[in-house]
Amino acid sequence: MRITVCPGATAASAHVVRRIAAALRRDPSLVLSLPTGRTPIEVYDGLARLVARGRLDFSRAVTFNLDEFVGLALDDPRSYRAFMGRHLFDRVGLPPRRAHVLDGAARDLAGECARFERAIEAAGGIGLSLVGIGLNGHVGFNEPGPGLVAATHRVKLTSLTRRANAKPFGGDPRRVPHEALTMGIGTILGARRIVLLATGRSKARVVPRAIAGPVTTWLPASFLQLHADVEFVLDRDAASRLG
Ligand code: PGA
């Protein structure tokens, strides 16, 4: 496990941009898995800037998103698909057929999850997975509980997660969907390389538990400790409670 502590969120994001850019230059048809949320926005801005300057090319890359809300139409501006379009896909010219996002409006949600797993396999597996961490230690939408599911699946979101995601829903947690589809913990651990980015004081409590606490389904990000090539990229605030 590698732990990189940067002075601030901007420096941490720039570090992740360098990691992704280097991997994509080495392998232009890299298969990435990508998160949504507040944390990766600066990373996507940085990648978009490199593309705009002609220093990075996403035209052959393939991406798989970690998760999506259940029940939002494909073109709903609050969907993670729409988030990714705005923050990354449309800015780096990633063709839609190479940018895989789970369809939370699919009629057959179990079939959609199975299709997603097959698509990852057909792409040759995930080369580099960027993940975030929830306040409760979730990764993707694998929420804490008595057990975890290995493959992509449907989940019920905790009230904490719904509160943390209320912003696009007019700040009202009651309007946040109750369910989501998420890559499973096994799918995430199947990536050849994982980079976790956590910034800000709100993550300071959960980060040491993920990095050095017991591996437990009550803190899904702790499972990353089992991976042979994982880097935790933190800013000083998120790292402030690490020993
Ligand atoms: P955040 O979300 O980047 O908005 O903090 C992270 C997560 O919930 O995984």
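In this predicted model, a polar side-chain atom of His138 sits 2.6 Å from an oxygen atom of the ligand. Lys203 also reaches the ligand, with a polar side-chain atom 2.6 Å from one of its oxygen atoms. Arg38 contributes through its backbone instead: a polar atom there lies 2.9 Å from a ligand oxygen. On its own the ligand has 280 Å² of accessible area, and the protein covers 76% of this. His138, Lys203 and Arg38 belong to a set of residues around the ligand that also includes Gly37, Thr39, Gly132, Ile133 and Gly134.

Turning from the ligand to the fold, the model holds an open sheet built from 7 strands with parallel pairing. Reading across the sheet, the strand order is β1-β10-β9-β6-β2-β3-β5. The edges are formed by β1 (residues 2-6) and β5 (residues 99-100), each of which pairs on one side only. Within the sheet, β9 (residues 193-198) runs parallel to β10 (residues 230-235), and 5 bridges link the two. In one of these pairings, Val195 has Glu231 of β10 as its bridge partner.

Helices pack against this sheet as well. Helix α4, spanning residues 109-122, touches β3 (residues 62-65) and β5, and its direction makes about 150 degrees with that of β3. Helix α1, which covers residues 9-26, lies across β1, β2 (residues 31-34), β6 (residues 128-131), β9 and β10. The direction of α1 is at about 150 degrees to β10.

Note on methods: Residues numbered from 1 in each chain as written. Predicted model: local features only at pLDDT ≥ 70, side-chain atom pairs only at ≥ 80, totals over all residues. Heavy atoms only, no water. Pairing = 2+ DSSP bridges. Helix = DSSP H or I, 4+ residues; strand = E, 2+ residues; numbered from the N terminus. Contact = heavy atoms within 4.5 Å. Axes fitted to C-alpha atoms, helices over the stretch in contact; angles between N-to-C directions. Near = heavy atom within 4 Å. Polar contact = N/O pair within 3.5 Å; in protein donor to acceptor, adjacent residues only side chain to side chain. Areas by Shrake-Rupley, 256 points an atom, 1.4 Å probe, with all protein chains shown as cover.
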